[in-house]
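User: Please take a close look at one part of this structure, a contact between helices, and then set it in the context of the rest of the model. Please state the criteria as you go.

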Amino acid sequence: MKRVSLVFTLALAAAFSTEAATAQTLKTVKDRGMLSCGVGQGLPGFSSPDDKGNWTGLDVDVCRAVAAAIFNDAAKVKFVPLSAKDRFTALQSGEIDVLSRNTTWTLSRDTSLGANFTGVTYYDGQGFMVKKSLKVNSALELNSASVCVQTGTTTEQNLADYFKGNNMKYEVIAFGTNDEAIKAYESGRCDVFTTDVSGLYSDRLKLANAADHAVLPEVISKEPLGPMVRHGDDQWLDVVRWTLYAMITAEELGITQKNVDEMAKSDKPEMKRIFGTDGNLGEQLGLTKDWVSRIVKAVGNYGETFDRNVGAGSKLGIARGLNQLWNKGGIQYAPPIR
Amino acid sequence: MAVEPRKPPLQLVAQLQRALGGRAGWGGFVVQILFVAALAWIAYEIVANARANLQAQRITAGFGFMANTAGFDVSQNLIPYSGSDSYTRVFLVGLLNTLAVSIIGIFFATVIGFLVALGRLSPNWLLSRISGGYVELVRNLPLLFQILFWYLAVLAALPNPRQSISLFGSFFLSNRGFVVPKPIGNPGFEPFVFAIVIAVVGSLLLQRYARKQLFDHGRMIRIWPYVLGVLFGLPLLSSLVFGAPVKFEFPELKGFNFSGGSRVIPEFVALTLALSTYTAAFIAEIVRAGIQSVHKGQMEAGSSLGLQRGSTLRLIVVPQAMRVILPPLTNQYLNLTKNSSLAVAIGYPDLVSVFAGTTLSQTGQAIEIITITMGVYLLISLVTSAIMSFYGWRLGRSLGP
């Protein structure tokens, strides 16, 4: 009887100690010593592991920047590859702290999924890829085509809207992962493959003969891609948000990975604020004074990250386009760091 | 002065103590109450914790989202469906797709399984080795690989629509699926169906009459000419009187795909093939075990009656083996139904793919959707086992006391 009552007491005590999720992700991450980051399953340029298991990509670098800001070590990240189906549940359940997986910012995702978007890493749109042998030059010629998509994405919904809006019929085959969809497209099961235009360029690299496939000119939707964090944690939202803005501001001010230390010695009031010599903006975020230099030393500024992963310095070779800075013809705009 | 004998404790109290606490008595009763209370409390804590977390993330709980517009299409829908229908409709479409694949898969798996089992037990050396090899191979490979294999093999073998294989100009086979002319109901459809029903009922009645005559009076009546006449004649008569029951919509190649007609998508074929062959290997072993569990004397008795091996198996051995076969067979049917959820790997829109996949990531209502999905699978499984139990009961009844 005594042993039984002891077991009871322990069980009740354990049950009592379950807490509701408190909004303390930053503290949890710092205690854990590691940032848990949800990424894709292999989209070159955004998040893909190389043959040694090192993750590279634009989304990956955003997570590394956050880790660098918190720990001064861009390697303190655990990457969790997620398909489009599982990504939101992983974020909601607390398995990952931030979802950086080329996810489109929409109203329903901002509200009903229990998550917040922190900013836009990449302004994109949805496009179509077809085999050149079909001799199709425009998406409006795709009546009664078969289309392969990845399930659980805005792609599926935009596709339905576009074909319905243009009174065209189509057959949709929705696969669980991107790779399965690409394989089916390549095998001829479907005529068209659709996803964000950046994804099309990236996936085309995976095909046997990239030159046999053409990306159609129509961009049928707005797809602002950015990181997501859970609702109810404003401090964590600010940390991830301002990490991206720090990268964009760094490019605006000409701070690069190579000249961080030099620029840190500058006397200009703006530079002093950014590098923490003046004021305590870093501490207000819950980070350290030198949070910006940590970020830029780890991954570079926004332009460098873009070029290295998806731009001129990578295999994808995508032009800056909309993702150029606001004062150079694009729409990447960071609020002032002051 | 006589000492008053002590009154024994009331029988009722002793019985109550035994009933409530068992051999541990009142103490046992108290422990049970505490245990149930602790369980209920833990369950309450879990639910309250989940609710608090959901509220902190401002996710709305409840099933109201089922009425929202789905906004996406699926490649196979057995009931009319379009992107502007609700999530409830999507759920039904997914459920019907799962049931379709499960029912057809169960049918083929049973047929193939029985055949392979008989093959393995056959005295023909080659046949038994081939059957054995099939079972060993298929049993030991993961199902997901087999599904992918069948899908890629089926797709690779088929031409693209512009070069499809065609039969009689109306049936087309390509890597978009097998396209057949679609029957569309005409006014003469209801009388036709009615006529068929009457014909079937009539044939059954005729059969019962013939059996009664055989058992009671020993008279053999050949009823098959009458049955054939009724089965063919009545529907023919109805279509002559009321008009043709259906007219056909023929498929034509327009642009990328065929329009008109009905289509069986390759995903469905691949999934059914994979599930059937995989489960058939397990069913074959179960059937073999069942047949071998019947005493060898039964087989010998059958041949001493002059029956051939096939008839002995059919009339004597297998009915007795069914008692051993049925419970594991039910297991395999349930496995097949649940394994059909791997359909998402090849893009077949079954319940898990369409509802617990796409709908879940669009609405974010993970707890509700997973609960519904689990509930549906549980219901399907319970219904299947109930049917199999009923069949087993009927069989047991007919085999004797």
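Analyst: Axes are lines fitted to C-alpha atoms, for helices over the stretch in contact, and angles run from 0 to 180 degrees between N-to-C directions. The model is a predicted one, in which local features need pLDDT of at least 70 and side-chain atom pairs count only at pLDDT 80 or more, whereas totals for chains, interfaces and linings use all residues. Residues are numbered from 1 along each chain as its sequence is written, with chains lettered from A and ligands numbered from 1 in the order in which they are written.

The part in question is formed by helix H1 (residues 11-21) and helix H2 (residues 25-56) of chain B, whose axes come within 8 Å and cross at roughly 40°. Helices (H or I, at least four residues) and strands (E, at least two) are DSSP runs, numbered from the N terminus. With that angle, H1(B) is oblique to H2(B); under 35 degrees would be roughly parallel, over 145 roughly antiparallel, 65 to 115 roughly perpendicular, and the rest is oblique. The crossing of H1(B) over H2(B) is left-handed, in the sense that the near helix is turned anticlockwise from the far one by less than a right angle (clockwise would be right-handed).

On the H1(B) side, the contact is made by B:Gln17, B:Leu20 and B:Gly21. H2(B) contributes B:Gly25, B:Trp26, B:Gly27, B:Gly28 and B:Phe29. Contact here requires C-beta atoms, placed from the backbone, within 7 Å.

The chain that holds this crossing has 12 helices and 8 strands. A compact globule of 401 residues would have a radius of gyration near 21 Å, but chain B has 30 Å (taken over C-alpha atoms, the globule rule being 2.2 Å times the number of residues to the power 0.38). Along the principal axes, the C-alpha atoms of chain B fill a box of roughly 110 × 75 × 50 Å. Of its 401 residues, 29% count as buried, a class that requires 20 or more other C-beta atoms within 10 Å of the residue's own; 12 or fewer gives exposed, and in between is partly exposed, with C-beta atoms placed from the backbone. Among contacts in chain B with a separation of 6 or more, 66% join residues 24 or more positions apart.

Chain B also holds an open sheet of 4 strands in the order E1-E2-E3-E8, with antiparallel pairing. Strand E1 (165-167) and strand E8 (262-264) stand at its edges with a single partner strand each, so one side of each has no neighbour in the sheet. From one strand to the next, the twist averages 20°. Pairing requires at least two bridges found by DSSP; E1(B) and strand E2 (residues 171-174) of chain B, running antiparallel, are joined by 3. One pairing places B:Ile165 opposite B:Leu173 of E2(B) as its bridge partner.

Elsewhere in chain B, B:Ser203 belongs to helix H6 (residues 189-217). B:Ser203 counts as partly exposed because 18 C-beta neighbours lie inside 10 Å. Leaving aside residues up to four places away in sequence, B:Ser203 touches B:Val227, B:Val230 and B:Leu231. From B:Ser203 to B:Tyr377, 174 residues along the chain, the C-alpha separation is 38 Å.

Chain A comprises 14 helices and 13 strands. Its radius of gyration of 22 Å agrees with the value near 20 Å for a compact globule of 338 residues. The C-alpha box of chain A is roughly 75 × 70 × 40 Å along the principal axes, and 50% of the 338 residues count as buried. Contacts in chain A with a separation of 6 or more are, for 74%, between residues 24 or more positions apart.

Two loop residues of chain A deserve a backbone check. Most residues other than glycine have a negative phi. A:Asn72, however, has a positive phi near 60°, in the loop between helix H3 (58-71) and strand E4 (77-81) of chain A. A:Asn72 is partly exposed, with 17 C-beta neighbours inside 10 Å. A:Lys135 has a positive phi near 55° and lies in the loop between strand E8 (126-131) and strand E9 (145-150) of chain A. With 9 other C-beta atoms within 10 Å, A:Lys135 is exposed.

Finally, A:Asp161 sits in helix H6 (residues 154-165) of chain A and is partly exposed, with 15 C-beta neighbours inside 10 Å. Its C-alpha atom is 9.6 Å from that of A:Ile220, 59 residues apart in sequence.

Note on methods: Contact = placed C-beta atoms within 7 Å.
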